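Reader: Hello! I'd like to go through this model one question at a time, starting with how its elements are named. Could you show it to me?

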Amino acid sequence: ETQDGVHEVTVTPVGERVVLAFEDHSALAQMDQMRRDFVANVSHELRTPLTAMIGFIETLQGPAKEDTRARERFLGIMAREAERMNRLVRDLLHLSRVEAEERVRPSDEVDLAALTRSAAAMLKPVAEEGRVTIRLEGTDTPVLLRADSDQMMQVLSNLIENAVKYGSPPGATVTARIARENGPRGPLLRLSVSDQGEGIDAQHLPRLTERFYRVDSHRSREKGGTGLGLAIVKHIISRHRGRLIIESEKGKGSRFSMLLPLD
Ligand code: ADP
């Protein structure tokens, strides 16, 4: 047994000699546990809306059969629950696709500035609904990079959407900014999304990119979140050899930065 877990040792006599084979069971056991947790989480997340829908269908078939007002209301709830399941399945497919491609180097030449402008334009209606302004910095001239355009779009829209969704009271500004920096291992791009919202308690920060991890699961569900957004973001950034840095102060706001090597 070693410091980081139990290792199994197989002793096989080979003629006069003995062969010792070491197997690291701690890592295997951990992966197996993670897989089981994931399956349990997915089942739970799918079952919740499904149970609600079955309940409403039964009510509509029985007690509320002739009640037109109840019917309208229940159908509305059922449509929302079905959309929730749809979003979850969509994100699960995204996650598995991103995981499968993680070792494939992205080869398109992508203009990150143009992508950031598109992501901001796409989310403008959602932001306006909450009276939030999206400000862009460093996105006027092209910023070229080898990347997967669809995946980068997903990262940008996810971070901006979260900033609007969780990070912003009415009147607040979300800033998406691109800047060049000199990192310890060469030039890099920092693409950051800052908000002036509720912020995140330090204890949650290390776990934020775990699948289905939410600070407040009721709120996340209410806002249509699946809990998979940042897990997907993390995989995409790692495929691009980058890093995700989350800085946040409770009550002041958060900054999510993607650091991408420029070589
Ligand atoms: P969700 O689908 O719940 O939005 P994410 O993976 O995108 O899932 O985010 C995980 C959790 O991180 C959210 O439920 C929320 O609690 C927290 N979070 C993400 N972005 C922000 C932000 N900008 N400000 C505050 N909390 C955030």
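Author: Gladly. Helices (H or I, at least four residues) and strands (E, at least two) are DSSP runs, numbered from the N terminus. This is a predicted model, in which local features need pLDDT of at least 70 and side-chain atom pairs count only at pLDDT 80 or more, while totals for chains, interfaces and linings use all residues. Residues are numbered from 1 along each chain as its sequence is written, and side-chain values use heavy atoms, without hydrogens and water.

Reader: Good, let's begin at a helix. Which residue just after α6 takes a positive phi?

Author: The helix α6 spans residues 229-239. Just beyond its end, a positive phi of about 60° belongs to R241.

Reader: And how many of the residues of α6 are buried?

Author: Buried means under 20% relative accessible area. The buried set includes L230, A231, I232 and V233, and further along H235, I236, I237 and R239 also belong to it. With G229 counted too, α6 is mostly covered, and of its 11 residues the number buried is nine.

Reader: Now the sheet. What is the order of the strands in the open sheet?

Author: Two strands pair if DSSP finds at least two bridges between them. Here β4 and β6 pair in the parallel sense, whereas β6 and β7 run antiparallel, so the pairing in this open sheet of five strands is mixed. Across the sheet the order is β4-β6-β7-β9-β8.

Reader: Which strands stand at the edges?

Author: An edge strand in this sheet has a single partner, so one of its sides is left without a neighbour in the sheet. That is the case for β4 (133-137) and β8.

Reader: How many bridges join β4 and β6?

Author: One of the pairs to look for is R135 with its bridge partner T175 in β6. The two strands pair in the parallel sense, and the number of bridges is five.

Reader: How many bridges join β6 to β7?

Author: The two strands follow each other in a hairpin with two residues joining them. Among the facing residues, N182 stands opposite P187 and R177 stands opposite S192. Between β6 (residues 173-183) and β7 (residues 186-194), the bridges number nine.

Reader: Which residue is the bridge partner of L188 in β9?

Author: β7 pairs with β9 in the antiparallel sense, over seven bridges. L188 has its partner in β9 at P261.

Reader: Why is β9 largely enclosed by the rest of the structure?

Author: β9 runs over residues 253-261 and pairs with β7 and with β8. It is largely enclosed because, of its nine residues, the number buried is seven.

Reader: Which residue in the turn of the hairpin of β8 and β9 has a positive phi?

Author: Seven bridges join these antiparallel strands, and S248 stands opposite S254 among them. Three residues lie between the two strands, and in that turn a positive phi of about 85° is found at G251.

Reader: On to empty space. What volume does the largest pocket have?

Author: On a 1 Å grid over the protein atoms alone, a cavity is a set of points where a 1.4 Å probe fits but cannot get out, and a pocket is an open set with protein on both sides within 12 Å along at least five of seven lines; lining residues have an atom within 4 Å of a point. Points are joined across faces, edges and corners, and a volume is the space filled by probe spheres set on them. For the largest pocket this comes to about 820 Å³.

Reader: Which element gives the most to the lining of the largest pocket?

Author: The lining holds 38 residues, and N158, N162, K165, Y166 and G229 are the closest to the centre. Elements giving two or more residues include α2 (68-100), α3 (112-129) and α5 (217-222). The most, nine residues, comes from α4.

Reader: Finally, which element gives the most to the lining of the largest cavity?

Author: The search finds one cavity of 30 Å³ or more, with a volume of about 60 Å³. Its lining includes E45, P49, R84, M85 and L88, and α1 (25-61) is one of the elements supplying at least two residues. The most, three residues, comes from α2.

Methods:
Buried < 20%, exposed > 50% of the residue type's maximum accessible area, 1.4 Å probe, protein only.
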